[in-house]
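Colleague: I'm still getting used to reading these models, so could you take a close look at one part with me?

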Amino acid sequence: MLYQPVEASFFRKPTLELARSLLGMLLVKETPSGIASGWIVETEAYIGPGDRAAHSFGHRRTPRTEVMFGPPGYAYTYAMHMHCLVNVVSGEAGCPEAVLIRAVEPSMGVERMLERRGKDKKLKELTNGPGKLTKAMGITMADYGTLLCEQPLYIAEGRAAGTIAAGPRIGIENSGEAKAYPWRYWVEGNPFVSR
């Protein structure tokens, strides 16, 4: 194994803290065609039952959100606008919370990422959005429920994130007061941040 996944205990922290702690860590996906990895540079936290922007708002429990009601450290993948998005389940079991991985800076497997996204893509456009990064890295709906400290999809030790900025989350205009919560975190100045 090229990378060492984090311990399951890494995920056992409050969701807002986990969203910041993920910055600088490596997101790794192993496929038959090889490994793709990227340093996480942008995340968004979703605090479940009380967060109108969360899929689990009001304890909404559906087959899609079921994994969010379990222990932290599992992948919650879902489709939005024909793109797969990947989240890290957070919070205690029974408290459905998650952290969306919004952007990564490519580390390994860039050629593979270009094949998946299109050879004409500029490097900084490969993974600078939640749907872009999953396509580039080969993360699919089949990764739903994957424990993120085991192969083939996992979080590994990365590098220091540098200065972390915070602000409102993106694309949740219809979520009332939740649209203003400053629960989006990013590595300031990193060119792979979505916007």
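In which strand is the place of Glu44, and what surrounds that residue?

Modeller: Sure, and keep in mind that this is a predicted model. Glu44 sits in strand β2, which covers residues 34–46. Its relative accessibility is 0%, and buried means under 20%, so Glu44 counts as buried. Now for its surroundings. If you skip the neighbours within four places in sequence, Glu44 is in contact with Ala98, Val99, Leu100, Arg102, Arg169, Ile170, Trp183 and Arg184. You can also check Trp186: that residue is 142 residues away along the chain, yet its C-alpha atom and the one of Glu44 are separated by 8.7 Å. As for the side chain of Glu44, there's a polar contact with the side chain of Tyr46, at 2.5 Å.

Ala98 and Val99 are handy for moving on, since they turn up again around Ser90. Leaving out residues up to four places away in sequence, Ser90 touches Thr15, Leu18, Pro72, Cys95, Glu97, Ala98 and Val99. With Ala98 you can look at the atoms themselves: its backbone nitrogen lies 3.2 Å from a polar atom of the Ser90 side chain. Ser90 has a relative accessible area of 0%, so it's buried.

Ser90 belongs to strand β4, so let's follow that strand. Strand β4 covers residues 83–90 and runs antiparallel to β3 (residues 75–80), with six bridges joining the two. Across this pair, Tyr76 stands opposite Asn87 in β4. β3 and β4 form a hairpin with two residues between them, and in the turn you'll find His81 with a positive phi of about 50°.

Definitions and conventions: Residues are numbered from 1 along each chain as its sequence is written. This is a predicted model: local features need pLDDT of at least 70, side-chain atom pairs count only at pLDDT 80 or more; totals for chains, interfaces and linings use all residues. Side-chain values use heavy atoms; hydrogens and water are left out. Two strands pair if DSSP finds at least two bridges between them. Helices (H or I, at least four residues) and strands (E, at least two) are DSSP runs, numbered from the N terminus. Buried means under 20% relative accessible area, exposed over 50%, partly exposed in between (1.4 Å probe, protein chains only). Contact means heavy atoms within 4.5 Å. A polar contact is a pair of N or O atoms within 3.5 Å; within protein, one must be able to donate a hydrogen and the other to accept it, and residues adjacent in sequence count only if both atoms are side-chain atoms.
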